[in-house]
Amino acid sequence: MSDYNFAYLDEQTKRMIRRAILKGIAVPGYQVPFASREMPMPYGWGTGGVQVSAACLMPEDVLKVIDQGADDTTNAVSIRKFFEKTAEVAVTEKTREATVIQTRHRIPEELLTEGQILVYQVPIPEPLRFLEPRETETRKMHALEEYGLMHVKLYEDIAKHGHIATSYAYPVKVEGRYVMDPSPIPKFDNPKMEMAAIQLFGAGREQRIYAVPPYTKVVSLDFEDHPFDPSKANHPCDLCGAEHTYLDEVIIDDDGGRMFVCSDTDYCAERQATGHRGRLSPSQDLEKAAE
Amino acid sequence: MYVAVKGGERAIDNAHAWLAEERRGDVTVAELTVPQIREQLALAVNRVMTEGSLYDPDLAALAIKQSRGDLIEAIFLIRAYRTTLPRIGHSHPVETDKMACDRRVSATFKDVPGGQVLGPTFDYTHRLLDFKLMAEGEVPEAAVADPRLEPTPHVTSFLNKEGLIQSEAAGDEIPPDLTREPLELPANRALRLQALTRGDEGFILSMAYSTQRGYGNSHAFVGELRIGKVAVEMDIPELGFAIEIGEVELTECETVNKFAGSKVEPPQFTRGYGLTFGQTERKAISMALVDRSLRSKELGVEVSNSPAHDEEFVLYHCDNIQATGFLEHIKLPHYVDFQSEMELVRKMRVEIASASAKEAAE
Amino acid sequence: MLEKQMSDQSLIGAFATPPQDAARAFRAALEALARPGTLHEIKGGQAPAPVSEAAASLLLTLCDPETPLCLMGAHDTPEFRDWIAFQIGAPIVGPAKAMFALGTWDALQPVTAFPIGTAEYPDRSTTLIVEMDTLSQDGAQLTGPGIETTASLSLPALEPFQMNAMLFPLGLDFYFTSGTQIAGLPRSTQVTDMMEAN
């Protein structure tokens, strides 16, 4: 597609985004303001992640895009196609093969490695936003490391409900300094954020980029008497039998029957391919017959 | 067995094909051309150019056609296109003093040097559906006056001579560019004005209206509203001087508000300013009112808790492309977040049920 | 028709295929800063001596008319200024206004002259590009974000980097360049003497 520059953005815009990414790496968890551009997809649909990916992609990269953990959800398909067209990079659904992974709402189940970059799409980057709507105020709170409000909120949850009532976008503290929004991933994914890969976060509409370098301390906020609990549905995957993965609940008939399946479609498919079976897997005899 | 929750590539392609068909509509009806839209839906074109921050009537008309008349969608198309254009340089400030005015009215004086020129306005038309237009829109030619050759001075400049209006010092600093730098608060006036020009007409109108109804009490007069063409000049480094590279049609509005004076300033009038592409006067007037409202703090007048006095509220919510994107993104799948919420709610229900069972047992 | 007579050197040395070369150079810079103590290849840019290929490539990747640049010592030559003007367009400024600075470690002294950001905007700080004779993975011991256990890097000094880390989240970020090699040291890295660490 010769009408547009490699990876869509013009070089000056990429430089601006690259500078912001590097500042984010230097100050883990700090939200770097950047002059987000209008992208050919709407704000709120991953423009921040797309801009970060566009600034990172090399011709040699292999790109994976997931939404809700799945490669084949509509918005993931749309973003993957965008980069196939504008950056002519190879794409994959295999977590292991990808060098750049753009994600919305999940961290892949498979451990990420050095040499990989995980790019998160972020709707509201400010973890304090729902406690204090004013940017001028929250900026001051970060500057002064004044996070009392957040602890009060979490503690009020405990007083009212007996535990913290946040199940996704669960706030973390990065390297003992900045409180950060991990994007709307389920809290089940929070412990994975201490990883070998580089994690970059892009919020287009809110004009912020932030980052977590590899092996950076990422601690989910909690209290001594109420430790962080990354729990998930207490079921194995009905297709691959995994007991350690995050599950989607799928309603399968009019009577409210349901099944639980891995939200990470690549992980689940690979487990099935290597012989793992769940409660509702197609019968093994049938498969043997087919072989 | 496995329910088809995945849409995927084919669904997207099919949806787009259907959309294209719907856009075209009944094929026995002649297709709209871009020049038709540019010429006959010019006010829609002007809005798309203003909020899209790109002066190009043909592209704006194309965007309106492509978006099936959804102007916010058209603005979005223009913005997305604009962002890919290289920045070659910047022009000199346009001199609206030298505008060739098609329309120029002042509400504050009965007559002013340069005259009151009504121009092509809906004002004073009776809003009666003209059924003749159902058939055809051919019109008799309108009368033509001799063009005014000399510059038309701004009405506020007359007030300025008497010192009756707060003066705006000319600055030589380069204003920040909202499309190249992230919005930082508190924003200076240049940045606020850019945001308001790009802001959604409906939002800015309602904000302005709220100031008229007592939310941030201020009574504005339209000191002047002018619409016309101005020359755009740019320095060409290779030439070493500025040349005219084209002209743009603008709407400019200056409002005046009474100000009772403060400890350091005598009683005088203060200004609000609006500037938009094409003939877009509702937007320009609204913008001037909101500009004046957002200046309350720097002018040292009373600041209330009203929305139109709140810079963060106005600037963070006036952009319809940001707003519509975020609003509509809730259509995207959220089943992972929802799953985690469902588990939490179930857990809380079990806890409450077991607590009340325990209570009953005791 | 350029007003000033440019030296021939200033017209050459850009990336051959700018979008692709800059993307590769950026990834090297990203990996270098995200994993302090690792060395990476960064190449494709050629600036007049004494500027290394690594430094020239980094400047081409990150700098433009929006990034004030400070040149120090032997790196502040008319030829190189011409090259910057033609290839990058970054305004040349003094330390107090620099977003980027380039020079040898000695020439960049005192590093305390460069902005370290503010409490509300710690990103408004200078990134220093330190030209080195050689780079190697020994010397000072590094710990912190980007480092699994410990790493080592041949830093030109100890104390200034220790002082810098104490300013966190404010502070300067460093790149070290030599030939076509680059290493990074963000403000978040703790630096200790190898001898003390052992």
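## Two domains in chain B

Domain bounds here come from an automatic or database domain assignment. In this predicted model, that assignment splits chain B into domain 1 (10-82) and domain 2 (96-121 + 148-168 + 176-324). Taken over C-alpha atoms, the centres of domain 1 of chain B and domain 2 of chain B lie 29 Å apart.

Let us look at where these two domains meet. On one side, 14 residues of domain 1 of chain B take part in the contact, and on the other side, 19 residues of domain 2 of chain B. Together the two domains bury about 1400 Å², with carbon and sulfur atoms giving 57% of that area. Which three residues supply the most of what domain 1 of chain B buries against domain 2 of chain B? They are B:T50, B:Y55 and B:R79, which supply 43% of that area.

## What holds a place at the domain boundary

Charged partners appear at this boundary too: three salt bridges are found across the interface of domain 1 of chain B and domain 2 of chain B. You can look for B:R47 and B:D200, which form a salt bridge whose closest N and O atoms are 2.9 Å apart. The same interface has nine residue pairs in polar contact (both at pLDDT 80 or more).

On the side of domain 1 of chain B that touches domain 2 of chain B, the elements giving two or more residues are α3 (42-52) and α5 (71-82) of chain B. Of the elements on that side, α3(B) gives the most, with six residues. Sorted by class, this side of domain 1 of chain B has seven nonpolar, three polar and four charged residues.

## Where chain A meets chain B

Now turn to the contact between the chains. Chain A brings 65 residues to this contact, and chain B brings 48 residues. The area buried between chain A and chain B is about 4900 Å², and carbon and sulfur atoms give 57% of it. A:E38, A:W45 and A:H163 supply 12% of the area that chain A buries against chain B, more than any other three residues.

How many salt bridges are found across the interface of chain A and chain B? There are six. In a salt bridge to find for yourself, the side chains of A:D229 and B:K347 meet at 3.5 Å, N to O. Across the interface of chain A and chain B there are also 26 residue pairs in polar contact (both at pLDDT 80 or more).

Elements of chain A that each supply at least two residues to the side touching chain B are α3 (74-86), α4 (135-143), β11 (247-251) and β12 (258-262). By class, that side of chain A has 32 nonpolar, 16 polar and 17 charged residues.

Notes. Residues numbered from 1 in each chain as written. Chains lettered and ligands numbered in written order. Predicted model: local features only at pLDDT ≥ 70, side-chain atom pairs only at ≥ 80, totals over all residues. Heavy atoms only, no water. Contact = heavy atoms within 4.5 Å. Buried area = accessible area lost by both parts, 1.4 Å probe. Salt bridge = Lys/Arg side-chain N within 4 Å of Asp/Glu carboxyl O. Polar contact = N/O pair within 3.5 Å; in protein donor to acceptor, adjacent residues only side chain to side chain. Helix = DSSP H or I, 4+ residues; strand = E, 2+ residues; numbered from the N terminus. Nonpolar A, V, L, I, M, F, W, Y, C, P; charged D, E, K, R; others polar.
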